[in-house]
Amino acid sequence: MMGLILEALQAMGHNVRWMSWNLFLGLVPLGLSFWLFRKPRSRWLLWGTGILLGATFLPSMRHVLGYLKHIVQDVGKTYVLGAIVITLALMAVDIWVLRQRGVRSLRWWGGFFWFIAFLPNAPYVLTDIIHLIEQIKEGNSVWTVTLALIPQYLAFMLIGFGAYVLSVMNLGYYLKQQGWSKFILGTEITIHALSAIGIYLGRFIRFNTWDILTNPDALVNTVMNDLIGKRPVLVMAVTFVVIAVLYWLMKQVILGIRQRFYSSKLQSDFSGESATPSDPIDLRF
């Protein structure tokens, strides 16, 4: 029994680093959506997202710092200094722009750009099922696979794809608030398509979000030249369908849970109010 437990812990521990890194990348757009589009009424959701971001970032902190150092070495100090200057300039312009009503700041548009850039990382976790297949082939016992690895992968994919669904739903809520409800469906379809392209670039071409800064030439050339073949188009089409179907299903589940939660909350509030007349009257204001 102890041998099975140790085997399961070892197999799960092997996944902690890359799962935490992929989840961190998938949770970034959810955090950005809270800032850009809609602050959640649920403190549990807000704090839970923040805690998950921190928890998934810490195991990969050395990896992140090493990659940042790699970026600095690749693009050079001049680029980094230029980026700092541009950021400070945008902040200065942002302060001026915020004085005008109804105008989205440059900082908001910068956040929206990174929201779109990081968003494919959330549904990307679905493709990590290939690692489970590899671990099964490595000869792990049936008990380890069934009771440890499969639940671990299910929780990993549920959190990652759930972050994607909530992020896109927050964008839809923002469009509705702006009076653009008729564009919500088209926006969702466009985002699913962009995510399918991003997943193909990440899984098969091995690009990542950081290549927008460090390797833009190769990224643009790949998008323009290598995505028009039959195999890439087929893969991206299948990916699009999977994302769209799973998004619709999970969206309905989330909407149902939210409606049930708020209806029960309203019912409890109503019950409390109806019980008030029987309570002693408090005349304090």
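## Met-250 and its surroundings

Let's start with Met-250, which sits in helix α10. Keep in mind as you look around that this is a predicted model. Is Met-250 buried or exposed? Its relative accessible area is 18%, and because the cut-off for buried is under 20%, Met-250 counts as buried.

Which residues does Met-250 touch, once those up to four places away in sequence are set aside? They are Leu-158, Phe-161, Gly-162 and Val-165. Take Gly-162 as an example: 88 residues separate Gly-162 from Met-250 in sequence, yet their C-alpha atoms are 7.5 Å apart in space. Val-165 gives the view from the other side, with contacts to Tyr-247, Met-250, Lys-251 and Ile-254 when neighbours within four places in sequence are left out.

## The nonpolar cores

Val-165 and Tyr-247 turn up again in the largest nonpolar core, which has 33 residues. Together with Phe-37, Phe-115, Phe-161 and Tyr-164, they touch the most other members of this core. Helices α1, α4, α6 (142-177), α7 (184-203) and α10 (230-274) each supply at least two of the core residues. The largest share is that of α6, with 10 residues. Apart from this core lies another one, made of 10 residues, including Ala-11, Leu-149, Tyr-153 and Phe-156.

As background, nonpolar side chains tend to be buried together in soluble globular proteins.

## A buried glutamine

Now have a look at Gln-135, found in helix α5 (residues 129-137). Gln-135 has a relative accessible area of 4% and is buried. What does Gln-135 touch, not counting residues up to four places away in sequence? Its partners are Ala-11, His-14, Asn-15, Asn-140, Leu-149 and Tyr-153. Among them, Ala-11, Leu-149 and Tyr-153 are members of the 10-residue core.

## How α1 packs on α4

Helix α1 (residues 2-36) packs against helix α4 (residues 106-118) at an angle of about 150 degrees, and their axes are 9 Å apart. An angle over 145 degrees counts as roughly antiparallel, so α1 is described that way relative to α4. The crossing of the two helices is left-handed.

On the α1 side, the contact is made by Leu-25, Val-28, Pro-29, Leu-32, Ser-33, Trp-35 and Leu-36. On the α4 side, Arg-107, Trp-108, Gly-111, Phe-112, Trp-114, Phe-115 and Phe-118 take part. How many of these contact residues are nonpolar, polar and charged? The split is 11 nonpolar, 2 polar and 1 charged. One of the α4 residues here, Phe-115, also appears among the residues that touch the most other members of the largest core.

Definitions and conventions:
Residues numbered from 1 in each chain as written. Predicted model: local features only at pLDDT ≥ 70, side-chain atom pairs only at ≥ 80, totals over all residues. Heavy atoms only, no water. Axes fitted to C-alpha atoms, helices over the stretch in contact; angles between N-to-C directions. Helix = DSSP H or I, 4+ residues; strand = E, 2+ residues; numbered from the N terminus. Parallel < 35°, antiparallel > 145°, perpendicular 65-115°, else oblique. Left-handed = near helix turned anticlockwise from the far one by under 90°. Contact = heavy atoms within 4.5 Å. Nonpolar A, V, L, I, M, F, W, Y, C, P; charged D, E, K, R; others polar. Buried < 20%, exposed > 50% of the residue type's maximum accessible area, 1.4 Å probe, protein only. Core = buried A, V, L, I, M, F, W, Y, C linked by side-chain atoms within 4.5 Å.
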